[in-house]
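Let's walk through a protein fold together, one question at a time. Keep the picture in view as you read.

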Amino acid sequence: MPVGPKAVTASPSEVDDRSPDADQPDLHFRDAYRLRKTDEYSSVFAFKRAIKGRYLIVHFRPNGSDTARLGVVVAKKLARRAVERNRIKRVVREGFRLQRGTLPALDMIVRLHRPLTGATRTSLREDLSGLLRRLPG
């Protein structure tokens with residue numbers, strides 16, 4: 001029985017998708033776009049510049065790099081359940097991820113400053129996008 005050539009197929013894990021198109025912005029939320037260390041958070045809070053919205057407040061300071069970086073703080077005092085805190089963080093990270101390409105090079109911390117009684121995801125997203133548009137630079 002003759003054996004013909006095998007058809008070679010690449011699985012999704014074998015395809016090299018690490019080289020993004022030059023036309024598309026990087027929409028990932030990579031480690032380079034996050035504030036991680038206590039010193040990074042402390043330096044942003046010590047800079048004492050902030051913009052306040054309906055539910056959120058954005059503390060910021062110039063970072064000297066070529067991209068914006070984000071930290072998120074949600075106090076248990078304002079959102080008692082972990083499900084609520086995690087939902088708020090997800091919405092904030094998603095909003096930042098989608099707008100990061102248009103943001104100035106700042107380190108920013110988004111913080112909840114009042115309870116979200118009666119707030120929806122949409123109102124939270126609108127509050128965040130309004131604050132990010134008001135950033136200097």
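Q: How many helices and strands does the protein chain have?
A: Keep in mind that this is a predicted model. Following the chain from the N terminus, we meet its elements in the order α-β-β-β-α-β-α. Counting each kind gives three helices and four strands.

Q: In what order do the four strands lie in the open sheet?
A: Let's begin at the edges, where a strand pairs on one side only: these are β1 (50–52) and β3 (69–73). The pairing in the sheet is mixed. From one side to the other, the strand order is β1-β2-β4-β3.

Q: By how many degrees are neighbouring strands of this sheet turned against each other on average?
A: Here the direction of the strands is ignored. The average turn between neighbours is then 20 degrees.

Q: Which residue of β2 is the bridge partner of Ala 50?
A: β1 and strand β2 (residues 56–62) run antiparallel, and three bridges join them. In β2, the partner of Ala 50 is His 59.

Q: Which strands does helix α1 touch as it packs on the sheet?
A: Helix α1 covers residues 38–47, and its direction makes about 100 degrees with that of β2. Helix α2 also packs on the sheet, touching β2, β3 and β4, with its direction at about 165 degrees to that of β3. The strands touched by α1 are β2, β3 and β4 (106–112).

Q: Is α2 parallel, antiparallel, perpendicular or oblique to α3?
A: The axes of helix α2 (residues 82–99) and helix α3 (residues 121–133) come within 10 Å and cross at roughly 45 degrees. Angles under 35 degrees would count as roughly parallel, and 65 to 115 as roughly perpendicular. The crossing angle therefore makes α2, relative to α3, oblique.

Q: Is the crossing of α2 and α3 left-handed or right-handed?
A: Look at where the two helices meet: α2 contributes residues including Ile 88, Val 91 and Phe 96, while α3 contributes Leu 124, Leu 128 and Leu 132, among others. The residues of this contact divide into seven nonpolar, three polar and four charged. The handedness of the crossing is right-handed.

Q: What percentage of the residues in the protein chain is buried?
A: Buried here means under 20% relative accessible area. The protein chain has 137 residues, and the buried part makes up 36%.

Q: What share of the contacts with a separation of 6 or more comes from residues 24 or more positions apart?
A: Take the contacts in the protein chain with a separation of 6 or more. Within that set, residues 24 or more positions apart account for 79%.

Methods:
Residues are numbered from 1 along each chain as its sequence is written. This is a predicted model: local features need pLDDT of at least 70, side-chain atom pairs count only at pLDDT 80 or more; totals for chains, interfaces and linings use all residues. Side-chain values use heavy atoms; hydrogens and water are left out. Axes are lines fitted to C-alpha atoms, for helices over the stretch in contact, and angles run from 0 to 180 degrees between N-to-C directions. Angles under 35 degrees count as roughly parallel, over 145 as roughly antiparallel, 65 to 115 as roughly perpendicular and the rest as oblique. A crossing is left-handed if the near helix is turned anticlockwise from the far one by less than a right angle, and right-handed if clockwise. Contact means heavy atoms within 4.5 Å. Ala, Val, Leu, Ile, Met, Phe, Trp, Tyr, Cys and Pro count as nonpolar, Asp, Glu, Lys and Arg as charged, and the others, Gly among them, as polar. Two strands pair if DSSP finds at least two bridges between them. Buried means under 20% relative accessible area, exposed over 50%, partly exposed in between (1.4 Å probe, protein chains only).
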